[in-house]
Amino acid sequence: MSVRAIVLGVLVAVAIAAGGYINDQIFRLNQVVGSHFPIIVFGPLIGLALLVNPLLARLGHGWKFRPAELAMIVTLAFAGCAIPGSGLMRFFSRTLGVPIVFAHNETGWRKWEVMSYVPPQMLPGSGGYDERVANGFMYGLGDPDHPIGIGAVPWAQWQGPLVTWMPIVALLAIASICLSLVVHRQWVHHERLRYPVVDFMESLLGSTGGQPHTSIIRNKLFWAGLALMMCLHLVNGAAAWFPNSISIPLSFDLWPLVQAFPVLAELHWRWQLLTPALWPIAVAFAFFLASDIGLSLGVSQIFYFIASAACFKAGLHIESDTLRGGIFVWERLGGSVAFALILIYVGRRYYWQVVRQSLGVARQQEKVEPHVRWAFRILIASIAGLVALFVAHGLDWTLAIPVVLLSLMVFLVLARLNAEAGLILVQVDWTPMAALVGLLGLGAIGPQNYMIVALLICLTTLDPRECLLPFLVNGFKIGGDYRIPLGRIGVSMAAAFLLALAVAIPVGLWADYNFGVGSGEPWATNDAPRIPFDSATQIVNNLAVTGELEKSEQLGPLQRIAAMEPGKTFLWSAGAGVALVLLFSIARLRFAWWPLHPLIFIIGGTWATAEFMYSFLFGWLVKTAVMRLGGIAVYRQAKVFMIGVIAGDLLGGLIFMVIGMAYRISTGIVPPLYRIMPGG
C-alpha cells in the first residue's frame, strides 16, 4: 500500500462524507452516493483510468497510479460512502432535532407525553424547546451573504445526543468491518461468489496482483457502449434542462390496463408496475449475474403483485408499517432470517473453526488467518459494547441483544445480496422493531423501549440502501484480489470511517444551522422524523384504552419475555417467508435446472425492486438470447459492450452532476436533476 493511495483514499472518504451531505440535503442536487454503486466513486475512477492515468504515464512510470493503488483508493472511499446519505446523515440530525419543533403543535404527542419516553440525553437540549436551537435548526441562522461561524452552532445542546449516538454509530461500523472480515474467506474462496461490482471495476483496472485479468479499455466494443450511453445522456440531459428539446424515452405508460384490470389500481407500488422504466445501468448489470438471479430479480416484483392481489381479494389488510410490521414486512423478515441461517449453515465448518480458534480452544484444522481471529474477537466485543450502551441508556437487555443482532443481520443480508446477486440498489423493508412487535407484542415492549429502538432504526436501518457492510465486502474483495493485506485494509477502513464521521457530523450540523433543514428533502425532514413519535402516540393510546399502559411500563427485562404475545398474522407471515426461502434454496441446490433464486421472497415488494424490475428482466432476456444464439464467445463480447454501457452511464451522470453543482453554486437556484439511477 503506497502512502499516496492511503492519503488520497482517506481524503476522498472525508470529502464524500462531509460534502455529500451538503450536496444532497442543502443544495438538493443529485445524490453523490444513493446506492451501493456510488457515482461519486466509480465516475471519477473511470475518468482516472481512461484519461488521467494515460497522461500521468507520459510524465514517467512513477506518476501513473498502479491498479493496486486505485483499488486502495476506492476501498477507502467506500468507508465514507455510508455516511452522507441514507446510511446515516440523511436522517441523523433531523430525527433528533425536528421532533422538538413538531412537539408544540402535535396534540396527540402532548396528550400522551411521548417526548417523555425518550431518554433526555438522546435529544438536543434534553428534548426541551429552545427557540434558537429549534427554529435555528429548521429555518437557519445565516443568510447567503453572511454565513454563521462554526461556534454559532448550539453545541452545548447537541452534546448529549452526540455523546449518546456517536459511540453507537462507531461500534456498529467496527462490528460491520469485523463481520465482513469473518465472512470474506467463505464467500470469496469457498463459495466463489461473483461480486459483480468488483468484476466491473477490475475489468477497467486490469491485472489483479498477478492474476490474468486484462483491462478492456482498448476494446472497440467497450468504446461503442460508452459512446452510445454518452449520446443518450447528452440528448436526455439536455431535455431535462430544456424541456422543449427532443428526448429518447426510457419509460412507458401502461395505466390504460387499469380499465381492464381494476385490481391493479389497488396494488402497492402500482406506479412502478404501470410505468415501466429501463435503467441502462441495471440492464447492463444483468450480464454480470447468473441466469437464475437475473430472472429472479426481474420477476420478484411480479410475485409480490400476484400475492398482494390475492390478499386484497381475500380481504386481508396488506398495508404495512415500517416499525410495526404487516403481512409482507413480516414475510420478508422471515425470508431474511432463513437466508441468514442458510449462509451460516453453508459455511458452518469454516465459521466453527473461526470461533474455536479465536477462543483458543482448537488446533488449526483449516487456515484461519490472524486478522480473522482478531476480527471475530472484536466483533463479539463490539456487540457486547452496543448492548451495554443501550442498557445504560434505558433499554432492557432482553431487547437490546436481539435489536443489535437483527440490525447486523439486516446489513449482512444486504451485503450478501450485493456480493452474490449484484444488487446495487437494494432494500429488505423490515426493521428490528417490526420483528419485536410481531414476536412480543406492543404491551411486552413498552413505550420507552419502543422509542429507544425506533430512534436507532430511524438513524441506521430505516432505509439501509447505503449501509456500510456491502461497501466493506466489496472493498475487501478488491483488496484481496490486488494482494493488499486484509488486516491492514480493515484498520485503514476503520480509521477512514471514524475520521470521516468526525468531520462530517460537525460540518453537517453547521450546514443545518446555517441554511436550515426546512428547505431540504421533504420526506427526510417532515415525514421520517415523525415516524417514531406518531407510532408511539398510537401505542400509548392503545395501551391506555385497554388499561395495560401502567403494567407495560413496570415490566422488568425478563417479565417482558414472559408477557410476550406473538401475533397470529406475524407467525404465519414470517413462517411463510421462512418456508419459501428454504424451499427455493433446497430446490436451487438439488436441481441444476431450477430457474429461481430465493431472493424473490426477501426483496419483493420493496421500492428498489419495483424500480429495477423491468430493467433486470430486459437484461436477462437480452443475455439469454445472446447465449443461445451466439454462445459463450459472443456473450463475452457483449459483456465488454455492457461494461462500456455502465461506464458511459456513470460518466454521463457525473457530467450532469458537475454541471448542476456549478449552476447551483453560481446562481443559488436548484437546477433540474438528471438521474441515471432511481432516487439518485
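Buried denotes a relative accessible area under 20%, exposed one over 50%, and partly exposed the range in between, computed with a 1.4 Å probe on protein chains only. The structure on display is a predicted model, in which local features need pLDDT of at least 70 and side-chain atom pairs count only at pLDDT 80 or more, whereas totals for chains, interfaces and linings use all residues. Residues are numbered from 1 along each chain as its sequence is written, and side-chain values use heavy atoms, with hydrogens and water left out.

**Stop 1: Gly-508**

Select Gly-508 to begin. Its relative accessibility is 2%, and therefore Gly-508 counts as buried. The residue belongs to helix α22, residues 486-515; helices here are DSSP runs of H or I with at least four residues, numbered from the N terminus. Show the contacts next, a contact being heavy atoms within 4.5 Å. With residues up to four places away in sequence set aside, Gly-508 touches Tyr-21 and Met-89. For a distance across the model, select Val-410 as well: its C-alpha atom lies 26 Å from that of Gly-508, and the two residues are 98 apart along the chain.

**Stop 2: salt bridges**

A salt bridge requires a side-chain nitrogen of Lys or Arg within 4 Å of a carboxyl oxygen of Asp or Glu. By this rule the model contains 15 salt bridges.

Select Glu-106 and Arg-530, whose side chains form a salt bridge with an N to O distance of 2.8 Å. This pair links distant parts of the chain, 424 residues apart: Glu-106 sits in the loop between α4 (92-102) and α5 (107-112), and Arg-530 in the loop between α23 (522-527) and α24 (531-545). Both Glu-106 and Arg-530 are buried.

Move to Glu-420 and Arg-588, which meet in a salt bridge at 3.5 Å, N to O. Here too the pair links distant parts of the chain, with Glu-420 in helix α17 (residues 397-421) and Arg-588 in helix α27 (residues 568-590), 168 residues apart. Glu-420 has 10% relative accessibility and so counts as buried, while Arg-588, at 29%, counts as partly exposed. Extend the selection to the network of salt bridges that links Glu-191, Asp-292, Arg-416, Glu-420 and Arg-588.

A further pair lies within one helix. Asp-481 forms a salt bridge with Lys-477, and their closest N and O atoms are 2.5 Å apart. Both residues lie in helix α21 (residues 468-481), four residues apart, about one turn of the helix. Asp-481 is buried at a relative accessible area of 17%, and Lys-477 is buried at 11%.

**Stop 3: helix α17 and Glu-331**

Display α17 in full. This helix has 25 residues and reaches 35 Å from its first C-alpha to its last, close to the expected 36 Å, a span defined as 1.5 Å times one less than the number of residues. Of the 25 residues of α17, 21 are buried, so the helix is largely enclosed by the rest of the structure. Just after α17, Gly-422 takes a positive phi of about 70°.

Now select Glu-331 in helix α14, residues 327-346. Which side chain of opposite charge is nearest to Glu-331? That side chain is Arg-332, 5.3 Å away; Glu-331 is buried yet has no salt bridge. Leaving out residues up to four places away in sequence, Glu-331 touches Ser-573, Ala-574, Gly-577 and Phe-601.

**Stop 4: cysteines**

A disulfide is a pair of cysteine sulfur atoms within 2.5 Å, and the structure holds zero disulfides. Select Cys-81: the closest cysteine sulfur, in Cys-467, is 12 Å from its own, too far for a bond. Cys-81 counts as buried at 0% relative accessibility, as does Cys-467 at 4%.

**Stop 5: aromatic rings**

Rings of Phe, Tyr and Trp (its six-membered ring) pair if their centres lie within 6.5 Å; planes under 30 degrees apart count as stacked, over 60 as edge-to-face and the rest as tilted. The structure holds 27 aromatic pairs. One of them is Phe-37 with Phe-200, an edge-to-face pair at 5.5 Å centre to centre and 70° between the planes. Phe-37 lies in the loop between α1 (3-26) and α2 (39-59), and Phe-200 in helix α8 (residues 196-205), 163 residues apart. Phe-37 is buried at 1% relative accessibility, and Phe-200 is buried at 0%.

To finish, select the aromatic cluster formed by Phe-37, Phe-42, Phe-78, Phe-200, Phe-285, Phe-288 and Phe-471.

Key: Helix = DSSP H or I, 4+ residues; strand = E, 2+ residues; numbered from the N terminus. Lys, Arg positive; Asp, Glu negative; His and termini not counted.
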